[in-house]
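Visitor: I would like a close look at one part of this model, with each term given its cut-offs as it comes up. Please take the charged side chains and the helix packing beside them together.

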Amino acid sequence: MTVNNRLQQKMPDTEATMMEIMRKSSLVPLGLFHNTMSDTEFAGYYIPKETVIAANLHIVHNSEKIWGDPQNFRPNRFLDANNRIKNYDEFIPFSIGKRVCPGENLPRDEFFLFFVGLLKHLSFYADPDKASPSEVPNIGVILCPKPYFVKAQARKN
């Protein structure tokens with residue numbers, strides 16, 4: 001059992017928050033590029049051999065059909081009535097199927113350790129003297145936030 005699986009059982013609110021962060025950020029919005037190996041038809045479309053294709057993970061993670069209000073940050077969308085993690089087939093930050101990231105557990109576990117470590121030791125505040133962070137990312141092969149300012153303060157033990 002990975003750290004992530006154990007966390008889903010013991011810290012569902014933290015896990016749900018991390019899942020919502022990954023859904024909202026779609027760090028690698030198009031996943032990895034692939035080539036078709038033969039002529040094929042998909043959903044009524046003809047795709048010739050050696051066509052470059054990519055899954056648009058960003059569109060899936062921001063679909064109103066799937067998430068209802070994708071623009072809102074709501075970690076509780078990943079929790080059921082019993083406060084257990086609710087999984088969605090459409091939650092695919094590491095891609096899906098045969099092309100899923102083989103190292104998915106490592107970044108998930110590292111993200112948890114880093115995230116919990118920050119929250120344990122620091123409190124974060126928006127800098128009132130600076131503009132609020134933009135939810136519109138810098139567009140590229142990798143989505144990254146536009147520069148913003150935040151204040152961090154050490155927690156008292």
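Visitor: Does Glu 104, at 21% relative accessibility, count as buried, partly exposed or exposed?

Guide: Glu 104 counts as partly exposed at 21% relative accessibility, where buried means under 20% relative accessible area, exposed means over 50%, and partly exposed lies in between, using a 1.4 Å probe and protein chains only. The model is predicted, and local features were accepted only at pLDDT of at least 70 and side-chain atom pairs only at pLDDT 80 or more, whereas totals for chains, interfaces and linings use all residues. Residues are numbered from 1 along each chain as its sequence is written, and side-chain values use heavy atoms, with hydrogens and water left out.

The partner of Glu 104 is Arg 108, and the closest N and O atoms of their salt bridge are 2.9 Å apart; the term requires a side-chain nitrogen of Lys or Arg within 4 Å of a carboxyl oxygen of Asp or Glu. Arg 108 is buried, with a relative accessible area of 8%. Elsewhere, salt bridges that share partners join Glu 20, Arg 23, Asp 69, Arg 74 and Arg 77 into one network, and the count of salt bridges comes to 7.

Within that network, Arg 23 and Glu 20 form a salt bridge in which the closest N and O atoms are 2.8 Å apart. Both residues belong to helix α2 (residues 12-25), where they are 3 residues apart, about one turn of the helix; helices (H or I, at least four residues) and strands (E, at least two) are DSSP runs, numbered from the N terminus. Arg 23 counts as buried because its relative accessibility is 0%, and Glu 20 is likewise buried at 0%.

Helix α2 also supplies Lys 24, whose side chain meets that of Glu 135 in a salt bridge of 3.1 Å, N to O. Glu 135 lies in the loop between β5 (122-126) and β6 (150-154) and Lys 24 in α2, so this pair ties together parts that are 111 residues apart in sequence. Of these two, Glu 135 is exposed at 64% relative accessible area, while Lys 24 is partly exposed at 23%.

Arg 108 returns in the packing of the helices. The axes of α2 and helix α5 (residues 105-121) come within 11 Å and cross at roughly 110°; such axes are lines fitted to C-alpha atoms, for helices over the stretch in contact, and angles run from 0 to 180 degrees between N-to-C directions. The two helices α2 and α5 are therefore roughly perpendicular to each other, given that angles under 35 degrees count as roughly parallel, over 145 as roughly antiparallel, 65 to 115 as roughly perpendicular and the rest as oblique. In this contact (heavy atoms within 4.5 Å), Thr 14, Glu 15, Thr 17, Met 18, Ile 21 and Met 22 of α2 meet Arg 108, Phe 111, Phe 112, Phe 115 and Val 116 of α5. The residues of the contact divide into 7 nonpolar, 2 polar and 2 charged, where Ala, Val, Leu, Ile, Met, Phe, Trp, Tyr, Cys and Pro count as nonpolar, Asp, Glu, Lys and Arg as charged, and the others, Gly among them, as polar.
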